[in-house]
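Please look through the structure below with its two chains side by side. The paragraphs that follow go from the contact between the chains to the strands inside one of them, and end at a single residue.

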Amino acid sequence: MQGALKQNITKELMTGLYADHRAAIAANDYPALTARRENAIHRFEELGFPTTKLEAWKNTDLRESFAKEYAVVLKPKQDVDVQKVFRCNIPHLDTAIMGQLNGWYVSKDVPLMELGNGIIMGSLAEAMKKYPALIGVHLGRYADTNGDAFTALNTAFSQDGVFIYVPDNVKSPKPVQIINVIHNDENLFLQSRNLIVLGKNSRLSLVHCDDSYNHQPSFSNVVTEIHLGEHASLDHYKLQSLNNESTLISSVYFRMEASAKLESHYISLNGGLLRNNIRIRFNGPHGDAKIYGIYLMDRKQHIDNQVFVDHAYPDCTSGELFKGILDEHSSGVFNGHVLVERNAVRTNAYQSNKNILLTETAKVNSKPFLEIYNDDVKCSHGSTTGQLDQDAMYYLRQRGIGEDSARMLLMYAYADEVISKIAIDPLRYRIEDMVKKRLQGELQICEACVLHCNTPEQPVEFVIDMTKI
Amino acid sequence: MESDPNKIIGEVTQSDYKYGFVTDIETEYAPKGLNEDTVRFISKTKNEPAFMLEFRLKAYRHWLTMKLPTWAHLDIPPIDFQDIYFYAAPKKKKQYESLDQVDPELLATFEKLGISLEEQKKLAGVAVDAVIDSISVKTTFSETLAKYGIIFCSMSEAIQHHPELVKQYLGSVVPYTDNYYASLNSAVFSDGSFCYIPKGVRCPVELSTYFRINAANTGQFERTLIVADEGAYVSYMEGCTAPRRDENQLHAAVVEIVAMKDASVKYSTVQNWYPGDKNGTGGIYNFVTKRGICKGSNSKISWTQVETGSAITWKYPSCILLGDNSVGEFYSVAVTNHHQQADTGTKMMHLGKNTKSTIISKGISAGKSNNSYRGLVRITKNASNSRNYSQCDSLLLGSTCGAHTWPYIQVENKSSIVEHEATTSKISEDQLFYCQQRGMDAESAIGLIVNGYAKEVLKQLPMEFAVEAQKLLSISLEGSVG
C-alpha cells in the first residue's frame, strides 16, 4: 500500500509524499481543485506544523502526538462489512446513517444516494466526479487554507469524506448521522474532508460522531465546510469519543448567508488530544448562530476549543456557551474570538466559558476575546473557573445525600445547561445517560462509539469480523 | 433639542490640548542616538558607582539582542532609536535649599499645570518630587519624611546616598532582561523617584511626583522604585502632562514596587500626555513596564490608573502575588479619542496560597481610536484557595472606534475560583433620554453617565487625584456621544 509505512510525521515527509503521489491524490479532481491542492501544499510548506510558539497553539502542544509514528494511507481499504461496523442502537433514534471508516466513505450499496426530495448524500469523491459544478462552487471556498497549516495540508491531501446537499426549500425529514470510525491495527494519519451544503430555506439536522473502536493511536485532520443558504437552518451535533491515544484536529468552517440559523453542539467525552476549530462567518444580515460545548476530560486528555465568529454584516446574533469538567491530569483550552466589523451594527454577541477543576493537577486556559469596531453592539463575555459550589454541597448533604451522590448531582446539573439544548429527544436522553456514566467513570472508550453505547436493557452486541478489516 | 453625535464628536476632537506649551529652559543633551558611549555618558554625567554602569551596560547589550515586540494590538510607526536624545537635563542643576532658588520659569510651568509646588506644599500637605525632563528638580517635605526614616528622593540621589538599597532592589522585580522597553530603560534611564518606607511606618502624607516631558525629541526614561518594608504603608501618586509637539516622543518607564510582609502600597496614576492632534500626528508613545511584587505574606499592592493621554499606550501594571494571603488590585480607566491607541491591562500572577486579586477595567473609546484591554490571571499549582474577580467593560462612543478585550485566564489548581466578565456597548439611550428629559444638555448628560461608569475606579483614587481625574474625563469626552 502506498505510504503505509509507519513513520514520524514531519513537514518534509508530507511534502515529499505529496510530490510522490500527486497524480493518485488528484485522481478524482476537477482542474480547479488540483490547482488548489498545489497552492495549498506550497502554503503548508511555508507554514509548517504549528508549534506552541504560535499564539493560536500556545496551550496545545502537539509534540507528544507527533512523537508517535503513523502510517499515511492514501488509498481506502476495500471490502468492509458496513453493517457490522456501523450500527446505532439508540432507542427510537431514526437517522439516515452515513459511515466513514478511517476517513473514507463506506457504504453497502451505492457511494452516492439521491433521495426523492433532491437531497444528495454520500461520498465526496464520488460527488466530485458526478457533480463537479455543484462541488466547485463550494469546496475550498470557506476553509482558511491560507492561514491554517492543518487546513492547508488537508486541502492538499484529502480525497474523500462526506458530502450532503439539501436543495432549496427542502426540509430533511429525518436527522442525518455521520459516523466516523477509526479502526485499524496500525497507527493512522488521516485526512478527510466533508462538504455540507444547505440551499435557501432548507433545513437539516446533522449528527456527526467521531469514534474509535480500539486503542490504536491515530491522528486525524478533518476539515468540514458547511454552507448555509439564505433562511437555511442547521442543527449540528458533534460527538467526540475517541481513545486516549488519538489526536483529532477538527476544523469546521460555517458560512452563513442572510437570515441563516445555526445551532451547533460540541459534546466531547473522550479523546487523547482534541482540537476543535470552529469558524463562523456571517455573510449576510440577520444570521443567528449558537454554539454550545460540553467537555468532560480526565486522565491526560486535552481539549482545545477555538471559536471564531466573524460578524461581517449587521443584525446578526451569536452566542457561545462552553462548559467543562476537568479531572485528574487533564487540561482544557477555550479561545473564543468575536470580531465585529465596522459596518456590523446592531450586533449581539455573547461568549461564556465555565470550567470546573476536580483535581490539583487539572488545568484550564481560557481566553474569551472580543474585537469590536463599531459602537452599536451588545457584546459580553464571561469566564469562570472554580470548583463545585460548597453551599450547594452542604445543602444536599444536610438533606442526607451522600458526598459522592451530591457531587455527581451537582456536576450533572452543571452539564445539563448545555445538554438540555439538544433538540433531538432520543439523542438527548442518550447523551444524558452517557454524561452520567462518564461522570461516574463508567464510560470507557472500549464501549465503542458514542451511539453504540451500552444500556442495561440492551446489552451491546459488538462484533467485528476482523478478517474483513 | 436634537444633537448630531458626529458634530459633537467633531467639536471634542477639535478641542485643544490644554497643557500644550513649551517651557524655555536651557537643556543639556547627551549626543543623539544610542550606543555604548551614550550609556557610559549617562552614567558618568550622573556620577554613578560602578555597579550602576555595569547594570546599564548589561541591559544595553541584552537589548541589542532583542526584537521589537509586535504582539500588541497597536499600529506603531517605526521608531528610529538613533534619532532620539536619550538624555536631557535642565542645565541649572544646583541643589536647592528652598523654592526661591528654583528657576522661576520652571515654577511657572507647574503653576500652569495647576500643581504649584508652593501651593501643594502649603495646602495639600503633599510631598512632591517633581521631575522635569529626567532630573528631579526639587524634593519637598524630605525633612518631615526623614523624621519617620522614610527615604523619598530622586533615583540619582538614591544611587549616591543609598547605593546598598538600590543595588538590592533595582531590577529585582523588572529584570533588565524583561522586555524590549524595560531593557532599553535599564540601559539609559535618566532619573525617577526612589522611595523606601522602613519597618512598621505608615507614611503620613501621600507621596507624589509629576512627570513632564519637556525638551523636543527626548526620550524620557524614568525609573521608579518603591520599597515598603515589613508592615509599612504608602500611597504614591504619579501624574503626567506633556506639552504639545509635532514629532512623536518616546517614553519608556519602569516602575518597580516591593512589598514585604504585611506591607501595603497604593500606586495611583493620572496620565494625560499629549495624545496627538485630531489627524493622529504627534503625541507621546508610552511604553511602560510597571510591576509590583508582594514578597511577604499579607502584603498588598493596589494599582489605580486613569489613562487619557498618549498617542500609543502600552502598559500593564502587574502584581506578583508571592506571599501567602497577599492581595493585588488593579483599577483602570482608559480613555482614547482621535487616533489614540491603547493596549493596556494587567497581570496577576498568583503564586502564594490564599492570594486574592481584583481587576476592574473601564475602557472608553471615541473618535477613530482603538482601546484594548489585555490581561492575564494565572493561578499556579501551589496557589491554592486563590481568588480572582475581573470585570472589564468597554464603552464605545461613535461608530468609528474600536474596543477589544483579551483576557487570558490560566488556572492550575482546583481550589481556586476565577471569575471574569466583560461587556461592550454604547451609552444607553435610555439613560441619556432620562437625563435630557430632566433638563440636562446632551454634553453634561454624557459627562455624568461616563463619570458614573468610571466611578468604581475613580473612587479608588486619592482625593487630590480624583478631582483632577474627573475633570480630565470631562475634558476628554465633552459631549462626545449622541
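Which residue of β24(B) is the bridge partner of A:S383? In this predicted model, that partner is B:H420. The pair belongs to a longer ladder, since β22(A) is joined by 8 bridges to strand β24 of chain B, residues 417–426, and the two strands run antiparallel.

This pairing leads to the contact between the chains, in which 30 residues of chain A meet 30 residues of chain B. On the side of chain A that touches chain B, β21 (363–372) and β22 (377–386) of chain A each supply at least two residues. By residue class, that side of chain A divides into 11 nonpolar, 12 polar and 7 charged residues.

Chain A as a whole contains 10 helices and 22 strands. Of its 469 residues, 52% are buried, and among the contacts in chain A with a separation of 6 or more, 82% are accounted for by residues 24 or more positions apart.

In chain B, a useful place to continue is strand β17, residues 327–336, where 10 of the 10 residues are buried. From β17(B), the residues B:V327, B:E329, B:Y331, B:V333 and B:V335 point one way, while B:G328, B:F330, B:S332, B:A334 and B:T336 point the other way, and all are buried.

β17(B) also has strand partners within chain B. With strand β14 of chain B (residues 300–307), β17(B) pairs in the parallel sense over 8 bridges, and here B:Q305 has B:S332 of β17(B) as its bridge partner. With strand β20 of chain B (residues 356–366), β17(B) is joined by 10 bridges, and these strands run parallel; in this pairing, the bridge partner of B:A334 in β20(B) is B:G363. B:S332 and B:A334 are both in the group that points the other way from B:V327.

Another strand of chain B, β12 (residues 264–272), holds B:V265. Is B:V265 buried or exposed? B:V265 counts as buried because 25 other C-beta atoms lie within 10 Å, where the cut-off for a buried residue is 20 or more. Leaving aside residues up to four places away in sequence, B:V265 touches B:I226, B:A228, B:V234, B:Y236, B:I257, B:A259, B:G292 and B:I301. B:A469 lies 204 residues from B:V265 along the chain, and the C-alpha atoms of these two residues are separated by 20 Å.

Notes. Residues numbered from 1 in each chain as written. Chains lettered and ligands numbered in written order. Predicted model: local features only at pLDDT ≥ 70, side-chain atom pairs only at ≥ 80, totals over all residues. Contact = placed C-beta atoms within 7 Å. Helix = DSSP H or I, 4+ residues; strand = E, 2+ residues; numbered from the N terminus. Nonpolar A, V, L, I, M, F, W, Y, C, P; charged D, E, K, R; others polar. Pairing = 2+ DSSP bridges. Buried ≥ 20, exposed ≤ 12 C-beta atoms within 10 Å, placed from the backbone.
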